[in-house]
Amino acid sequence: MLGKFKFWKDTPETVSEEEIVKGQIPNHIAIIMDGNGRWAKKRSLPRTAGHHEGMKVVKRITKLSSRLGVKTLTVYAFSTENWKRPEDEVNYLLRLPEEFMGAFLPELIEENVQVRIMGNKDAIPAHTLNAVEKAVRETKNNTGLILNFALNYGGRAEIIQAVNSILSDYKSDALTHEVNEDIFSKYLMSEGLPDPDLLIRTSGEIRLSNFMLWQLAYTEFWFSDVLWPDFREKHLLEAIQAFQKRGRRFGGI
């Protein structure tokens with residue numbers, strides 16, 4: 001059994017971009033960016049320093065994903081559970097998208113990246129939402145990689161919201177058909193996006209943490225002990241290489 005977990009972990013091989021693009025590239029990669037706080041603690045720095053360093057990694061991984069031909073990159077930026085953290089850390093986390101977009105938006109436009117957001121917008125501070133929605137507007141016509149931020153997002157809340165919307169549409173006769181998987185997916189916050197092919201989680205934790213619970217049904221998982229601020233291009237290449245070695249049967253033979 002332990003061998004299976006080793007299969008999911010980092011591989012010692014060195015792999016190049018040239019090798020990776022010869023194989024199947026995941027259309028959609030989702031990332032749980034874990035370990036910012038522990039990275040900072042190891043260096044006797046405030047947790048916010050880890051989050052700031054992690055923001056730089058998002059930039060590098062977005063650029064590499066775009067070069068490789070990944071169609072969608074979803075990053076778990078702030079969960080519905082993150083509100084339980086200390087107030088100063090929450091405030092800092094919700095300032096990061098503003099800082100990220102302010103510094104990186106011109107490059108995103110130049111790279112032909114389209115920005116999207118999924119999550120409950122109601123509780124997000126105006127300064128955060130304004131920064132992200134500005135990036136969404138200014139990149140909406142871009143046709144390259146979709147950079148999808150899961151912000152104030154929770155998988156269970158998403159499913160409950162979808163069910164309530166379906167019930168409401170039934171009552172108003174806006175929906176008259178029996179619900180199937182395709183119809184249900186249209187009520188999710190990820191509507192219009194393919195389900196992730198590959199999920200990456202850093203920092204050694206092996207759980208989903210309420211992330212894309214419906215969409216990850218047939219996703220390949222890759223867990224790494226590397227803390228997110230230390231995640232480099234080589235680690236993404238290793239994850240994709242592991243993905244390329246998997247046999248994806250979707251319940252078939």
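**Entry 1: the whole chain**

I began with burial: of the 253 residues of the chain, 46% count as buried. Buried means under 20% relative accessible area, exposed means over 50%, and partly exposed lies in between (1.4 Å probe, protein chains only). I noted that this is a predicted model, where local features need pLDDT of at least 70, side-chain atom pairs count only at pLDDT 80 or more, and totals for chains, interfaces and linings use all residues. Residues are numbered from 1 along each chain as its sequence is written, and side-chain values use heavy atoms, with hydrogens and water left out.

Next I looked up the confidence, pLDDT, which the predictor gives each residue from 0 to 100. The chain averages 92, and 92% of the residues score at least 70. Over residues 1-12, pLDDT stays under 50, and I will read that stretch with care.

For size, I found a radius of gyration of 18 Å, which agrees with the value near 18 Å for a compact globule of 253 residues. This radius is taken over C-alpha atoms, and the globule rule is 2.2 Å times the number of residues to the power 0.38. The C-alpha atoms fill a box of roughly 55 × 50 × 40 Å along the principal axes.

I also checked contacts (heavy atoms within 4.5 Å). Among those between residues at least 6 apart in sequence, 78% join residues at least 24 apart.

**Entry 2: the sheet**

I counted 10 helices and six strands in the chain. These are DSSP runs numbered from the N terminus: helices are H or I with at least four residues, strands are E with at least two.

In what order do the six strands stand in the open sheet? I read it as β3-β4-β2-β1-β5-β6, with parallel pairing. β3 (114-118) and β6 (220-223) each have a single partner strand, so one side of each is left without a neighbour in the sheet. From one strand to the next, the twist averages 20 degrees. Two strands pair if DSSP finds at least two bridges between them.

At one edge, β3 and β4 pair in the parallel sense over five bridges, and Gln114 has Ile146 in β4 as its bridge partner. Four of the five residues of β3 are buried. Helix α7 (residues 126-139) lies across β3 and β4 (146-153), running at about 140 degrees to β3. Axes here are lines fitted to C-alpha atoms, for helices over the stretch in contact, and angles run from 0 to 180 degrees between N-to-C directions.

At the other edge, β5 (residues 198-201) pairs with β6 over four parallel bridges. There I found Leu199 bridged to Phe221 in β6.

**Entry 3: three residues**

Is His28, in strand β1 (residues 28-32), buried or exposed? His28 is buried, with a relative accessible area of 0%. Beyond four places in sequence, His28 touches eight residues that I could list, among them Thr72, Asp195, Pro196 and Met212.

I followed that to Pro196, in the loop between α9 (181-185) and β5. Pro196 counts as buried because its relative accessibility is 2%.

Ser66 sits in helix α4 (residues 47-68) and is partly exposed, at 22% relative accessible area. Beyond four places in sequence, Ser66 touches Glu111 and Leu145. Ser66 and Leu147 are 81 residues apart in sequence, but their C-alpha atoms are 9.5 Å apart in space.
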